[in-house]
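Here is a brief report on a predicted model. It covers a pocket, the nonpolar cores, strand pairing and one loop residue.

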Amino acid sequence: MHTKPPFPDLSSSVLNRRGAVLGALGLLALPTMHASAATSAHAKTSKTKKQPAPDVWPHASLVPGGVARLSLGPSATRPKAFAGDVPLLVLGDPIEWTALVGIPLAAEPGEASIAVRAEGKPERQVAYTVAPKQYREQRLTVAPRTVDLSPEDEARYVKERDHLTGVMATLTDLRPDAALQMRVPVPGRRSSSFGLRRVFNGQSRNPHSGMDIAAGTGTPVLAPLPGKVIDTGDYFFNGGTVWMDHGGGLLTMYCHLSRVDVKVGDVLKTGEALAAVGATGRVTGPHLHWSVMLNRAMVDPALFIAG
């Protein structure tokens, strides 16, 4: 029996503070009133009318495969936060800092916490609750050799797994102007959503750790955020693959590519081409498998995009 792929669908490849709803505080039918009084009343209403807060990305979703947005309060300097021994991405300013926590798909529902260390203060815990979520099941038929691995393919997979474990541990500084709303890498229909429980040729495998977007072979794949290329390769399950680092432990991965147009070390802006859609690796047809990783946990890419 071969080892089950533990990451980025080596198989195939919002508790957001969306802001309060705009209050309906406009003037209703007024009783008889002098024009000046009506004007004064309108002015007061205008001053107190709530405005919708801007959207914030990623949206929060406290479920396995989601993202927790945890307030760390004020601090003169950026605090450090950890999930176990894994550093977390912390955004904000001295008025309020926020830790973004990628919740693994394998996380058990219930209480969880992170450790926070701020300069001149003792370490403290910030708690949150992971709610249960039942993802749907998807049954697929693929080439038998990509399910029941030969000794040679098993050895190749193990070597690739060890290499990718190092890639996924990449941690660099977040750029100062970080805005985390992502652009969808390719246009097209979402053909397979994040978190689906995958069954290949009747055999259960790891849940789907990304978003599949149906697109024709050769369709350009564009960078969703500024970032640096940290890995490219042709992998047994993922086929042609590119990994990008966006800083702070936020990584993205693109799989089943027909062509790779970048090399390790290339720095891309949002919207620049990095590869082309294909049908390489373990697939049922051409599409892009797009994964988002936050503090080494695969999370739902939908939390980072509009709509």
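## Largest pocket

The largest pocket of this predicted model has a volume of about 410 Å³. Its lining counts 19 residues, and the closest to the pocket centre are Arg 78, Leu 88, Leu 89, Val 90 and Leu 174.

By class, the lining holds 12 nonpolar, three polar and four charged residues. Two strands, β2 (80-83) and β4, each supply at least two lining residues. The largest share comes from β4, with four residues.

## Nonpolar cores

The largest nonpolar core has 32 residues. Within this core, Val 221, Leu 250, Tyr 254, Leu 274 and Trp 290 touch the most other members. Six elements give two or more residues each: β4 (89-93), β12 (211-214), β15 (239-245), β16 (250-257), β19 (273-276) and β20 (287-294). The largest share, four residues, is from β20.

A second core is separate and has 15 residues. Among them are Leu 70, Leu 72, Leu 88 and Val 130. Leu 88 also appears among the residues closest to the centre of the largest pocket.

## Contacts of Tyr 254

Which residues does Tyr 254 contact, leaving aside its neighbours within four places in sequence? Val 221, Leu 274 and Trp 290 are on the list, and these three are also among the core members that touch the most others. Tyr 254 is further in contact with Pro 185, Pro 224, Gly 240, Thr 241, Val 242, Met 244, His 246, Leu 288 and His 289.

## Pairing around β14

Strand β14 spans residues 227-235. Seven bridges join β14 to β15, and the two run antiparallel. A hairpin connects β14 to β15 through three residues. Across this pair, Asp 234 of the model stands opposite Gly 240 in β15. Gly 240 is also in contact with Tyr 254.

Strand β14 is also joined to β18 (residues 267-268), by two bridges. This pair runs antiparallel as well. Here Gly 227 stands opposite Leu 268 in β18.

## Asp 85

Where is Asp 85 found? Asp 85 sits in the loop between β2 and β3 (86-87). Is Asp 85 buried or exposed? Asp 85 counts as exposed because its relative accessible area is 69%, and the cut-off for exposed is over 50%.

Asp 85 can also be placed relative to Ile 114. The two are 29 residues apart in sequence. In space they are 9.8 Å apart, C-alpha to C-alpha.

Notes
Residues are numbered from 1 along each chain as its sequence is written. This is a predicted model: local features need pLDDT of at least 70, side-chain atom pairs count only at pLDDT 80 or more; totals for chains, interfaces and linings use all residues. Side-chain values use heavy atoms; hydrogens and water are left out. A nonpolar core is a set of buried Ala, Val, Leu, Ile, Met, Phe, Trp, Tyr and Cys residues joined through side-chain atoms within 4.5 Å. Buried means under 20% relative accessible area, exposed over 50%, partly exposed in between (1.4 Å probe, protein chains only). Contact means heavy atoms within 4.5 Å. On a 1 Å grid over the protein atoms alone, a cavity is a set of points where a 1.4 Å probe fits but cannot get out, and a pocket is an open set with protein on both sides within 12 Å along at least five of seven lines; lining residues have an atom within 4 Å of a point. Grid points are joined across faces, edges and corners, and a volume is the space filled by probe spheres set on the points. Ala, Val, Leu, Ile, Met, Phe, Trp, Tyr, Cys and Pro count as nonpolar, Asp, Glu, Lys and Arg as charged, and the others, Gly among them, as polar. Two strands pair if DSSP finds at least two bridges between them.
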